[in-house]
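Got the viewer open? Here's a short walk through the model, one selection at a time.

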Amino acid sequence: MIDPADYRDRFPILGTCTYLINHSLAAMPAAAEDNLREYARTWRERGIRSWAEGWWEMPVTVGDQLGRILGAPPGSIVMHQNVTVAEAIVLSCFAGSTERNRIVYEEANFPSVRYLYQAQPQLEVVAVADDRAIVDAIDERTLLVPISHVLFKNGEIQDVDPIVRRAHEAGAHVVLDCYQSAGVVPFDLTELGVDFAVGGSVKWLCGGPGAGWLYVRPDVADRLEPTLVGWQGHARPFAFEPELEYADGARRFLTGTPNVPALYAATAGYDVIEEVGVPRIRERSLAHTQLLIDLCDEAGLAIVSPRVPARRGGTVTVSTPDHAACHTELGERGIICDFRPDPVGGVRLGPHFFNTEDEVRHAVSELADIVASGVYERHAGASSLY
Ligand SMILES: Cc1ncc(COP(=O)(O)O)c(C=O)c1O
């Protein structure tokens, strides 16, 4: 079992508060600051030569590091700004599809993903109750099944295998959003057999903003042609040829100039996740989330996250009389977490491998006090920008 004491001094914010929001913006590794300084030094001293000395290739080399964490072969993951952009590039491969225009996903899908598909006039979006209903809803008109691996509100792990089987039987492609699973729930993209996967780095991967990623299964990558493409997706970008010729593999899913500083920062997170190992993180996470559930039960706080370990991601969501108000009071007591609105919302607590049992106990005991005493009522009408 991981001893948090071995890692805590590598995450400076842990010394200042009870940081339980690793499902949203995980604690920053101190090494991220060193990496950003190295980025600035390179820019200052090497200037334009930096592109040839690593910057240009970073969307692929950083993607390869993620591939080691996520079970994807080299060359199958490329880096982007965020999930929305990655999904838009996937969708752009099917711009000419008229026979198939149905998109099937769960109602609890992340809004950004929902909005992108809803905004396309040529598509018919079918939003269903849960993962089982997705299997039933996929048919021969289905083009894409853009679903979440772990639901953002209550941290429920979705049963992906039957969805992939049914989608492939019907000739549809699966886009798996792994934002809430990558770095805390072990999985292997190759074994899952999904066509595409997307995610970002701010959460359990501890990599900060601006480092979204897109996985394309190698056999799928070579037969698709994204119409949202830029010069990084060309076979010979520095030949500046007038006509488009796609690069091989996931590289053809690139657009223009990469977000270099974000990629420098992100690798600090991936380094520590690789070092600790996702299976060990999962072991620790399950112990933490079980403790959270037991403590909430003892305190009479209702949870809306799954109790079964196999369905439980890294977050436990606690239902309260007023999530926003309870969240504000927790913040004033130095407990950093967030909340999501109902249905299936609540105060979200997301301990990572560097959190201690004492922090988990402290958070639940304070939340129980806030609810029982009614002190949260003084924050009625509270809101939050995270
Ligand atoms: C499951 C899931 N998908 C996507 C996102 C974010 O999408 P984007 O990278 O487009 O901001 C989040 C949270 O921020 C999320 O929880």
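**Stop one: the ligand and its shell**

Start by selecting the ligand and the residues around it: Asn82, Val83, Thr84, Phe110, Ser112, Phe152, Asp177, Tyr179, Gln180 and Lys203 make up the surroundings. Keep in mind that you're looking at a predicted model. Now colour that shell by residue class, and you'll get 4 nonpolar, 4 polar and 2 charged residues.

**Stop two: the polar contacts**

Keep the ligand on screen and show the side chain of Thr84. One of the polar atoms in that side chain sits 2.5 Å from an oxygen atom of the ligand. Next, pick Asp177: an N or O atom of the Asp177 side chain is 2.6 Å from a nitrogen atom of the ligand. Then move on to Gln180, where the distance between a side-chain N or O atom and an oxygen atom of the ligand is 3.2 Å.

With those three side chains displayed, switch on a surface. Taken alone, the ligand has 400 Å² of accessible area, and the protein covers 84% of that. If you run a pocket search, which pocket does the ligand take up? The ligand's space is the largest pocket.

**Stop three: the cysteines**

Leave the ligand and select the cysteines. How many disulfides are there? The count is 0. Zoom in on Cys93 to see why this residue is unpaired: the closest cysteine sulfur belongs to Cys178 and is 18 Å from the sulfur of Cys93, too far for a bond. Cys93 counts as buried, because its relative accessibility is 14%.

Last pick: Cys337. This residue is in no disulfide either, and the nearest cysteine sulfur, in Cys326, is 9.4 Å away. Buried or exposed, then, for Cys337? With a relative accessibility of 1%, Cys337 counts as buried.

Terms used: Residues are numbered from 1 along each chain as its sequence is written. This is a predicted model: local features need pLDDT of at least 70, side-chain atom pairs count only at pLDDT 80 or more; totals for chains, interfaces and linings use all residues. Side-chain values use heavy atoms; hydrogens and water are left out. A residue is near a molecule or strand if one of its heavy atoms lies within 4 Å of it. A polar contact is a pair of N or O atoms within 3.5 Å; within protein, one must be able to donate a hydrogen and the other to accept it, and residues adjacent in sequence count only if both atoms are side-chain atoms. Accessible areas come from the Shrake-Rupley method with a 1.4 Å probe; for residues, only the protein chains shown count as cover. On a 1 Å grid over the protein atoms alone, a cavity is a set of points where a 1.4 Å probe fits but cannot get out, and a pocket is an open set with protein on both sides within 12 Å along at least five of seven lines; lining residues have an atom within 4 Å of a point. A molecule sits in a cavity or pocket if more than half of its atoms lie within 2 Å of its grid points. Ala, Val, Leu, Ile, Met, Phe, Trp, Tyr, Cys and Pro count as nonpolar, Asp, Glu, Lys and Arg as charged, and the others, Gly among them, as polar. A disulfide is a pair of cysteine sulfur atoms within 2.5 Å. Buried means under 20% relative accessible area, exposed over 50%, partly exposed in between (1.4 Å probe, protein chains only).
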